[in-house]
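This report covers a helix pair, a nonpolar core and one loop residue. The chain and its model are shown first.

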Amino acid sequence: MNDGVRRAVVAALLQLADSRDYQDRADAGQAMASFVDVAGTREPLQRLLLDAADTFVTHVTAEALLRRMDAVGLEAVARALATADDSHAHWLDAAVRGVFLVYATQRDVAVQMCGVMVESADPVLRKGAAELRDILTEIDPILHPAGEN
């Protein structure tokens with residue numbers, strides 16, 4: 001892994017994340033989700049998840065983080081849910097439902113990860129993970145493992 005190049009990409013994405021144009025910010029959020037392991041990306045991603053000017057940015061950034069299908073992406077969305085106003089919460093909810101609607105196994109793994117996060121010492125993460133778990137358990141995925149229904 002070339003850390004220097006990754007840091008340079010993140011630096012460019014951070015500039016894009018501060019753009020006045022909502023599409024630039026949305027593109028930055030989508031791309032930055034792939035670089036969440038690079039130092040300095042988590043706080044800007046939280047800003048994009050709760051974008052003050054356009055909930056489109058919220059929605060596409062959340063989808064990108066959730067499509068990672070890992071604890072890092074789920075945690076970022078959970079933290080945003082914990083502090084979101086009604087409008088942002090609606091679009092975060094829509095992203096969760098869109099990403100986890102198809103495969104029951106993916107939804108079930110996400111529910112398990114949220115169960116771990118609910119035990120966190122961090123009250124913001126606990127609150128958001130509980131909200132995220134509630135959304136996930138309301139989803140009735142389209143595809144279930146063979147023999148299950």
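In this predicted model, the axes of helix 4 (residues 55-66) and helix 6 (residues 86-100) come within 9 Å of each other and cross at roughly 35°. The crossing of helix 4 and helix 6 is right-handed. The residues of this contact divide into nine nonpolar, five polar and one charged. The two sides of the contact are listed below.

| Helix | Residues in the contact |
|---|---|
| Helix 4 | T55, T58, H59, A62, E63 and L66 |
| Helix 6 | S87, H88, W91, L92, A94, A95, V96, V99 and F100 |

Two of the helix 6 residues in that contact, V96 and F100, return in the largest nonpolar core. This core has 43 residues, and V96, F100 and L136 touch the most other members. At least two core residues come from each of helix 1 (3-17), helix 2, helix 3, helix 4, helix 5 (71-83), helix 6, helix 7 (104-117) and helix 8 (123-138). Leaving aside residues up to four places away in sequence, V96 touches L66, V77, L132, I135, L136 and I139. L66 is also one of the helix 4 residues that meet helix 6.

The loop between helix 2 (22-32) and helix 3 (42-49) holds T41. Is T41 buried or exposed? T41 counts as buried because its relative accessible area is 0%, and the cut-off for buried is under 20%. The T41 side chain reaches the backbone oxygen of V38 at 2.9 Å. T41 also touches V10, M32, F35 and V36, with residues up to four places away in sequence not counted.

Notes: Residues numbered from 1 in each chain as written. Predicted model: local features only at pLDDT ≥ 70, side-chain atom pairs only at ≥ 80, totals over all residues. Heavy atoms only, no water. Buried < 20%, exposed > 50% of the residue type's maximum accessible area, 1.4 Å probe, protein only. Polar contact = N/O pair within 3.5 Å; in protein donor to acceptor, adjacent residues only side chain to side chain. Contact = heavy atoms within 4.5 Å. Axes fitted to C-alpha atoms, helices over the stretch in contact; angles between N-to-C directions. Left-handed = near helix turned anticlockwise from the far one by under 90°. Nonpolar A, V, L, I, M, F, W, Y, C, P; charged D, E, K, R; others polar. Core = buried A, V, L, I, M, F, W, Y, C linked by side-chain atoms within 4.5 Å.
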